[in-house]
Amino acid sequence: LAFQNPITLATEQASTSGTAIDFTSIPASVRRITIMFVGVSTNGTSIILVQLGDSGGIEATGYSGATSTVAAGSTAVSNHSAGFMVEPAAPGATTVRHGSVVLNLEDSTDNTWVASINIGRSDTAITTQGGGSKALSATLDRVRITTVNGTDAFDAGAINISYE
């Protein structure tokens, strides 16, 4: 039995510099994308975002849903707006993230994608979970990982995507 939609692993990108990491040229036939974080850190306290894009570029509005953090004795929750947040509150510059954001195409007629977020930290005992949705103006062909302020730079780890 042959697989009809095999999983394609992109080329891992070091998240050791720059303010955004882009994965482009995602085929139009893709129905699921997994964004994987391994030891990802930034040099500041801005929240990391996953943004979706199409031939018109990255879209920075219209994201719905929320992300929450569970820590010993406390929780934090924030709603998505400019992207899918991998954490709901400003982290410290020593925050180290591991985990994934899974994107599934929900409706191909209006290019609606849903996100499932599951991130754990290795610098402290905190996990983040979330979910959301975003309708694009055209077929998805790129994803961007950046920060809310757009100026904090990545300084450790690696990010990759797989798609099917």
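Select Gly92 to begin: in this predicted model the residue is partly exposed, because its relative accessible area is 33%, a value that falls between the 20% under which a residue counts as buried and the 50% over which it counts as exposed. Gly92 belongs to the loop between S9 and S10, and, once residues up to four places away in sequence are set aside, it touches Gly44 and Thr45. If you add Ser41 to the selection and draw a line from C-alpha to C-alpha, the two residues turn out to be 9.4 Å apart in space, although 51 residues separate Gly92 from Ser41 in sequence.

From Gly92, move to Thr95, which is placed in the loop between strand S9 (84-85) and strand S10 (97-107). A polar atom of the Thr95 side chain lies 2.9 Å from the backbone oxygen of Gly92, so display both the side chain of the one and the main chain of the other. Is Thr95 buried or exposed? Thr95 is buried, since its relative accessible area is 1%, and the residues to show around it, not counting those up to four places away in sequence, are Val40, Ser41, Glu87, Arg121 and Asp123, each of which it touches.

Next, turn to the aromatic side chains, where a search of the whole structure finds 1 aromatic pair. Select Tyr63 and Phe84: their ring centres are 5.0 Å apart and their planes stand at 85°, so the pair is edge-to-face. Because Tyr63 lies in the loop between strand S6 (57-58) and strand S7 (64-71) while Phe84 lies in strand S9, the pair ties together parts that are 21 residues apart in sequence. Both partners are buried, Tyr63 as well as Phe84.

Keep Tyr63 on display and add Lys134, a residue of strand S12 (residues 127-135). The charged end of Lys134 sits over the Tyr63 ring, at 5.3 Å from the ring centre, and the side chain of Lys134 also reaches the backbone oxygen of Thr61 at 2.8 Å. Why does Lys134, a residue with a charged end, count as buried? It does so because its relative accessibility is 5%, which is under the 20% limit. Showing its surroundings, with neighbours within four places in sequence left aside, brings up Leu52, Glu59, Thr61, Gly62, Tyr63, Phe84, Asn111, Thr112 and Trp113, with which Lys134 is in contact.

Leu52, one of those contacts of Lys134, leads on to the strand pairing, so switch to a cartoon view and select S13. In S13, Val143 is the bridge partner of Leu52, and strand S5 (residues 48-54) pairs with S13 in the antiparallel sense over 6 bridges. Strand S3 (residues 21-23) also runs antiparallel to S13 (residues 142-147), to which 3 bridges join it; here the residues to pick are Asp22 and, opposite it in S13, Arg144.

Finally, zoom out to the whole protein chain, which contains 0 helices and 14 strands. Its C-alpha trace spans about 45 × 35 × 30 Å along the principal axes, and its radius of gyration of 15 Å agrees with the value near 15 Å that a compact globule of 164 residues would have. Colouring by accessibility would set apart the buried residues, which make up 41% of the 164 in the chain. Among contacts between residues at least 6 apart in sequence, 71% join residues at least 24 apart.

How values were computed: Residues are numbered from 1 along each chain as its sequence is written. This is a predicted model: local features need pLDDT of at least 70, side-chain atom pairs count only at pLDDT 80 or more; totals for chains, interfaces and linings use all residues. Side-chain values use heavy atoms; hydrogens and water are left out. Two strands pair if DSSP finds at least two bridges between them. Helices (H or I, at least four residues) and strands (E, at least two) are DSSP runs, numbered from the N terminus. Buried means under 20% relative accessible area, exposed over 50%, partly exposed in between (1.4 Å probe, protein chains only). A polar contact is a pair of N or O atoms within 3.5 Å; within protein, one must be able to donate a hydrogen and the other to accept it, and residues adjacent in sequence count only if both atoms are side-chain atoms. Contact means heavy atoms within 4.5 Å. Rings of Phe, Tyr and Trp (its six-membered ring) pair if their centres lie within 6.5 Å; planes under 30 degrees apart count as stacked, over 60 as edge-to-face and the rest as tilted. A charge sits over a ring if NZ of Lys or CZ of Arg is within 6 Å of the ring centre and within 35 degrees of the ring normal. The radius of gyration is taken over C-alpha atoms; the globule rule is 2.2 Å times the number of residues to the power 0.38.
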